[in-house]
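Me: I should like a close look at one part of a protein model, with attention to its aromatic rings and their surroundings. The sequence and structure are shown below.

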Amino acid sequence: MSLSISKILTMTPSDEVVSVNGWVRTKRSSKNVSFVALNDGSTIRNLQLVVDTEKGYEGVTEEVMTQVTTGASISASGKLVASQGSGQAVELLCEKITVIGIADPDEYPLQPKKHSLEFLREIGHLRFRTNVFGAILRVRHALTFAIHKFFNDRGFFNIHTPIITGSDCEGAGEMFRVTTLPDQNPPLTDDGHVDFSKDFFGKATNLTVSGQLEAELAATALSKVYTFGPTFRAENSNTSRHLAEFWMIEPEVAFADIKDNMDLAEEFLKYLIGYALENCVDDMEFLSKRYAEEEKLKPQAERDEMSLIEKLEFVRKNSFERVTYTQAIEILMNCPMNKKKKFQYPVERWGIDLQSEHERYLVEKHFKKPVIVTDYPKECKAFYMRANTDGKTVAAMDILVPGVGEIIGGSQREERYEQLKQRAEEFKIPQESIWWYLDIRKFGSVVHSGFGLGFERLLMFVTGMGNVRDVSPFPRTPKTAEF
């Protein structure tokens, strides 16, 4: 049985024959000896194969070696020996090579050189084989595991919430319709509208934008739950921060107020960062070097003052500063950036939405640590957030980090029936579409809280990638659904 390259690279030289499978990254030849860099995706590091066609090994011939080109898949076996070169402790002295799948060097687009991310998006079916995307996907896997481990270790239960829903959690209306009605001549009501009573579910349904509302139902029985699944927004946005399909982590906790919510979110974010730094060492070192190279290409004023690893440690090791929205607005209105009109969006009054530049100023310039902003104006936030006693704000919280701004958003949920019903009416959300959500406020309602963390937004922060399309295996954006 073949071994993974990640396993082989931890072994010591021996007379035992080992086998390995993988894809050729590079091949260089000198007289009768070839050096092949092989990678199988288990690690960012390659295994060097030493192939000497004059050694007399029956399984190593010049004819075979002509097919060992960049991109080809091969199986190799031989003995591990101490490496004569730098960069690796061991290398494989090949006794047999089998070419599994050839790759025409004239057609294979991933030649051993640096390719732009834009070019790699055009060949999304092959970009997984590059160092950068291999590293990102291994980090993505590690953080997926870490998310489940964090919540499991703290007594949370994972809930699979609906992907197809009849409700709009945010009240935004930018949702993908799910229907089995014909696109030509659908059934109509007497007033000329599409008759969704004839649809599969007997009503209009959409792809979900959040599992939060359903998770709240489970939290009122199991106390501590979380969802981790795909969500969808039909927002016609082509920015570097938006996807039409993305994954969300959304815990909901009964008997927890806004302070408990902030404590959990801070602990969660620090845990995930720590997990990546401790368990993806090679990949994080590679991504940090890549981040530094990318920063050098930017104008001096736009460069990040911290390396990727430093930025992550900055968040991991600092206690998060907690300020109210009102305090944040006062800081921003009186800061030099605002007074000198250097913000793209001037801060002129209480009640405005904080932009990314404002959030980053609070983190990077003013407090010089991660920040949690609380108690936002109720007009800025969703209907389900608990109203504060001042009548103007809600018990909301956003976590802000360097380089990104907001990374987590959450709130204490409105547990009072009449207040929630009134807020839904203000948002023009039909009561019949959320009757079940209102209902749990009538039967044993409790103070409860939760937050949402966009998985791809987290991955952008942890890996240092500047475009969300590059942390999703198969990104969905306007006019793009290739796979």
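Which residue lies over the face of tyrosine 437, and at what distance from the ring centre? Please then continue from that ring to the other aromatic contacts and to the parts around them.

Reply: The model is a predicted one, and every value below is computed from it. Arginine 441 lies over the face of tyrosine 437, at 4.1 Å from the ring centre. Tyrosine 437 itself is buried, its relative accessible area being 0%.

The ring of tyrosine 437 also has an aromatic partner, tryptophan 436, and the two are arranged edge-to-face. Their centres are 6.1 Å apart, with 75 degrees between the planes; the angle counts as edge-to-face because it is over 60 degrees. Tryptophan 436 has a relative accessibility of 19% and counts as buried, because the cut-off for that class is under 20%. Tyrosine 437 thus takes part in both an aromatic pair with tryptophan 436 and a contact of its ring face with arginine 441.

This pair belongs to a wider set, since the structure holds 21 aromatic pairs. Another of them joins phenylalanine 150 and phenylalanine 268, whose ring centres lie 4.9 Å apart. The planes of these two rings meet at 50 degrees, so the pair is tilted. Phenylalanine 150 belongs to helix 4 (residues 131-153) and phenylalanine 268 to helix 6 (residues 258-279), so the contact ties together parts that are 118 residues apart in sequence. Both phenylalanine 150 and phenylalanine 268 are buried.

Phenylalanine 150 and phenylalanine 268 are also members of a cluster linked by ring pairs. The other members are Phe145, Phe151, Phe156, Tyr226, Tyr271, Tyr275 and Phe451. One of these rings, that of tyrosine 271, has a charge over it: the charged end of arginine 154 sits 5.4 Å from the ring centre. An arginine is therefore placed over a tyrosine ring here, at tyrosine 271, as well as at tyrosine 437.

The loop that leads from helix 3 (117-122) to helix 4 contains threonine 130. With a relative accessibility of 14%, threonine 130 counts as buried. Its side chain reaches the backbone oxygen of arginine 127 at 2.8 Å. Arginine 127 has a further partner in aspartate 470, for a polar contact of 3.3 Å joins their side chains. Aspartate 470 is located in the segment after helix 14 and is buried, at 1% relative accessibility.

Helix 14 (residues 455-463) has eight of its nine residues buried, so the rest of the structure largely encloses it. Among the buried residues are Phe455, Leu458, Leu459, Met460 and Phe461, together with Glu456. Glycine 464 follows helix 14 and has a positive phi, near 80 degrees.

A positive phi also appears at phenylalanine 255, at about 60 degrees, although this residue is not a glycine. Phenylalanine 255 lies in the loop between strand 11 (245-254) and helix 6. In contrast to the buried phenylalanine 268 of helix 6, phenylalanine 255 is exposed, with a relative accessibility of 61%.

A further exposed aromatic residue is phenylalanine 200, with a relative accessible area of 61%. Phenylalanine 200 is found in the loop between strand 8 (177-178) and strand 9 (205-207). Together with Ile163, Ile164 and Phe201, Phe200 forms a nonpolar patch on the surface, with about 410 Å² of accessible area in total.

Note on methods. Residues are numbered from 1 along each chain as its sequence is written. This is a predicted model: local features need pLDDT of at least 70, side-chain atom pairs count only at pLDDT 80 or more; totals for chains, interfaces and linings use all residues. Side-chain values use heavy atoms; hydrogens and water are left out. Rings of Phe, Tyr and Trp (its six-membered ring) pair if their centres lie within 6.5 Å; planes under 30 degrees apart count as stacked, over 60 as edge-to-face and the rest as tilted. Helices (H or I, at least four residues) and strands (E, at least two) are DSSP runs, numbered from the N terminus. Buried means under 20% relative accessible area, exposed over 50%, partly exposed in between (1.4 Å probe, protein chains only). A charge sits over a ring if NZ of Lys or CZ of Arg is within 6 Å of the ring centre and within 35 degrees of the ring normal. Patches are made of residues with over 30% relative accessible area and no salt bridge: like charges are joined within 9 Å, nonpolar side chains (Val, Leu, Ile, Met, Phe, Trp, Tyr) within 5 Å. Accessible areas come from the Shrake-Rupley method with a 1.4 Å probe; for residues, only the protein chains shown count as cover. A salt bridge is a side-chain nitrogen of Lys or Arg within 4 Å of a carboxyl oxygen of Asp or Glu. A polar contact is a pair of N or O atoms within 3.5 Å; within protein, one must be able to donate a hydrogen and the other to accept it, and residues adjacent in sequence count only if both atoms are side-chain atoms.
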